[in-house]
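Dear colleague,

I am writing to hand over the structure shown below. Please read the notes after it alongside the sequence.

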Amino acid sequence: MRSSAFFASIFIALSSSSAIAQSESEDRRMAQENFAEADKNGDNRLDRDEFRIFIDANADDEIGRSSMVRRWRLYRTAFRRVDANKDDVITWQELDAMGRR
């Protein structure tokens, strides 16, 4: 399995059907809320601890494959893959870009 495809589905899965598209829209909205809640210091970026909170919240909401990341404890691997510019924080833009790959 291609790793970028695996982690792209952390918060949404891509599909063309309208029912699934509506579900994607809801998943995206919930993921954005989870991002904001996980961002404890309000800097619009997630450090490693905040990213774990974000993944766990997404897993609780059954968004993408976050439950698999949590089950297999792949937080570090997921963080490294999403952190495109390697600045040790995750922005919503990085998550969004990963979702479109």
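The following paragraphs set out what was found, beginning with the protein as a whole and then turning to two places within it.

Please bear in mind that this is a predicted model. The secondary structure consists of six helices and two strands. Read from the N terminus, these elements follow the order α-α-β-α-α-α-β-α.

Of the 101 residues in the protein, 40% are buried. The accessible surface amounts to about 6100 Å², and carbon and sulfur atoms account for 47% of that surface. As for contacts between residues at least 6 apart in sequence, 55% of them join residues at least 24 apart.

The first place to examine is helix α5, which spans residues 75-82. Its residues Y75, A78, F79 and V82 are buried. These four lie on the same side of α5, because they cover an arc of only 100° around the axis.

The second place is F35, which belongs to helix α2 (residues 18-38). The relative accessibility of F35 is 6%, so this residue counts as buried, the cut-off being under 20%. Leaving aside residues up to four places away in sequence, F35 touches N44, R45, L46, F54, I90, T91, W92 and L95. A distance may also be of use when you inspect the model: the C-alpha atoms of F35 and A57 are separated by 8.8 Å, and these two residues are 22 residues apart along the chain.

With kind regards

Methods. Residues numbered from 1 in each chain as written. Predicted model: local features only at pLDDT ≥ 70, side-chain atom pairs only at ≥ 80, totals over all residues. Heavy atoms only, no water. Buried < 20%, exposed > 50% of the residue type's maximum accessible area, 1.4 Å probe, protein only. Arc of directions from axis to C-beta. Contact = heavy atoms within 4.5 Å. Areas by Shrake-Rupley, 256 points an atom, 1.4 Å probe, with all protein chains shown as cover.
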